[in-house]
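Open the model in a viewer and set the display to cartoon. This tour goes from one selection to the next and says what is there.

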Amino acid sequence: MTFSIVGYDPTTGDLGVAVASKFLAVGSVVSWAQAGAGAIATQSYANLSFGPDGLALLAQGTSAQATLEQLLAADAGREQRQVGVVDAQGNAATWTGNACHSWAGGRTGAGYAAQGNILTGADVVEAMAMTFEQTQGELAERLLAALLAGDLAGGDQRGRQSAALYVARKGGAYGGVLDRYIDLRVDDHQNPVPELQRLLELHRFYLTPPKPEDLLPIDQSIALEIQTILQQVGYYQGECSGNYDAATHAALQAYGGVENLEERLISETHIDQQVLNYLRQHVVR
């Protein structure tokens, strides 16, 4: 009752799952990933034990195909199951049991497995696979682009309700402690995949450090603009002189703490272009 794609990025080592369904909070059921191990999508009368058990096998170095075979061998209900697996070497495997509701099927390629059941047709999986192969950028964007392509191709024949994106990266979580790099869910929505795309864009803004090329030197003109804006919103009390001094920097940091911009305020001499745009958009006029 779901369509999903699991994927691997050999450049970053990212492993992840994107999924959509007419099912409440599908991400709480289908999506499993662990940095350095692999990613698993378990769906169609989902056997949730496939998630932790499969990741444990993958973490031991078991291949995607061997992991899938071991999981299915121990499951009496395997003919109702659908599973996609990718390991940390980019090997992929997919399974669709004979008792899955039509249309049901899957496809594997380099670094991914796409699958779905109760779909409008095979073109849903084909659209996901083709889009994943052709899309550039980080794994999260590639997975989401594939999911959107599947959604536009028809997706779940029963309709839409939820979608999720989970990407594991070693040390990728907020604060750098865990591997939960991206964990976004739309649990109940009329148009969940585009909403998931909106959330990823917000995640990139709030929780992703700026690229070096996006950092602008804070010259007198920019400093004056920062002071003027922060004074208008009540964070800066000094003179608007165009001198980016300690008081101005402290005011910007205080504003950023309230607005959750701290991941982008990484320099005392430069400002992220996106943060400057954010300030401009939120200025009180």
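The stops below cover two sheets, the helices on them, an annotated domain and a few backbone details. Keep in mind that this is a predicted model.

**Stop 1: the six-stranded sheet**

Select the strands β7, β8, β1, β2, β9 and β10. Taken in that order, they form an open sheet of six strands with antiparallel pairing. Strands of a sheet pair through backbone hydrogen bonds, either parallel or antiparallel. The edge strands here are β7 (105-109) and β10 (180-186), each of which pairs on one side only. From one strand to the next, the twist averages 5 degrees.

Now zoom in on β1 (residues 2-8) and β8 (residues 112-116). Five bridges hold this antiparallel pair. To see one place where the two strands face each other, select Ser4, which stands opposite Gln115 in β8.

**Stop 2: helices on this sheet**

Add α5 (residues 139-152) to the view. This helix packs on the sheet and touches β1, β2 (15-21), β9 (162-168) and β10. The direction of α5 makes about 155 degrees with that of β1.

Next, add α4 (residues 123-134). Helix α4 lies across β1, β7 and β8, and runs at about 160 degrees to β8. Which residues of α4 are buried? They are Val124, Val125, Ala127, Met128, Ala129 and Phe132. Show what surrounds them: the cover includes β1, β7, β8 and α5.

The length of α4 can be checked too. A helix is expected to span 1.5 Å times one less than its number of residues. For the 12 residues of α4 this gives 16 Å, and the end C-alpha atoms are 16 Å apart, so the two values agree.

**Stop 3: the four-stranded sheet**

Select β3, β4, β5 and β6. They form an open sheet in the order β3-β4-β5-β6, and the pairing is antiparallel. At the edges stand β3 (31-34) and β6 (92-96); each has a single partner strand, so one side of each has no neighbour in the sheet. Ignoring direction, neighbouring strands of this sheet are turned by 5 degrees against each other on average.

Start at the β3 edge. Strands β3 and β4 run antiparallel and are joined by four bridges. Select Trp32 and look across to Ile40, its bridge partner in β4. The two strands form a hairpin with three residues between them. In the turn, Gly36 has a positive phi of about 75 degrees.

Show the side chains of β3. In a regular strand the side chains alternate between the two faces of the sheet. On β3, Ser31 and Ala33 make up the covered face, while Trp32 and Gln34 make up the uncovered one.

Then move to the other edge. β5 (residues 82-87) pairs with β6 in the antiparallel sense over five bridges. Val86 has Ala92 as its bridge partner in β6.

**Stop 4: helices on the second sheet**

Select α2 (residues 50-59), which packs on the sheet and touches β3, β4 (38-43) and β5. Its direction makes about 155 degrees with that of β4. Then select α3 (residues 64-73), which lies across β5 and β6 and runs at about 30 degrees to β6.

**Stop 5: the annotated domain**

Colour residues 207-279. An unreviewed UniProt entry annotates this range as "domain: Putative peptidoglycan binding". Over these residues the chain is 48% helix and 8% strand, and the end C-alpha atoms are 17 Å apart.

**Stop 6: backbone details**

Most residues other than glycine have a negative phi, and most peptide bonds are trans. Three places to select depart from this pattern.

- The peptide bond from Ser102 to Trp103 is cis, with omega near -5 degrees. Trp103 sits in the loop between β6 and β7.
- Ser44 has a positive phi of about 60 degrees although it is not a glycine. Find Ser44 in the loop between β4 and α2. Is Ser44 buried or exposed? Its relative accessible area is 4%, under the 20% limit, so Ser44 counts as buried.
- Asn260, also a residue other than glycine, has a positive phi near 65 degrees. Asn260 lies in the loop between α8 (246-259) and β12 (270-272). With a relative accessible area of 43%, Asn260 is partly exposed.

Technical notes. Residues are numbered from 1 along each chain as its sequence is written. This is a predicted model: local features need pLDDT of at least 70, side-chain atom pairs count only at pLDDT 80 or more; totals for chains, interfaces and linings use all residues. Side-chain values use heavy atoms; hydrogens and water are left out. Two strands pair if DSSP finds at least two bridges between them. Axes are lines fitted to C-alpha atoms, for helices over the stretch in contact, and angles run from 0 to 180 degrees between N-to-C directions. Contact means heavy atoms within 4.5 Å. UniProt positions are given in the numbering used here, feature names are shortened, and annotations may be inferred rather than shown by experiment. Buried means under 20% relative accessible area, exposed over 50%, partly exposed in between (1.4 Å probe, protein chains only).
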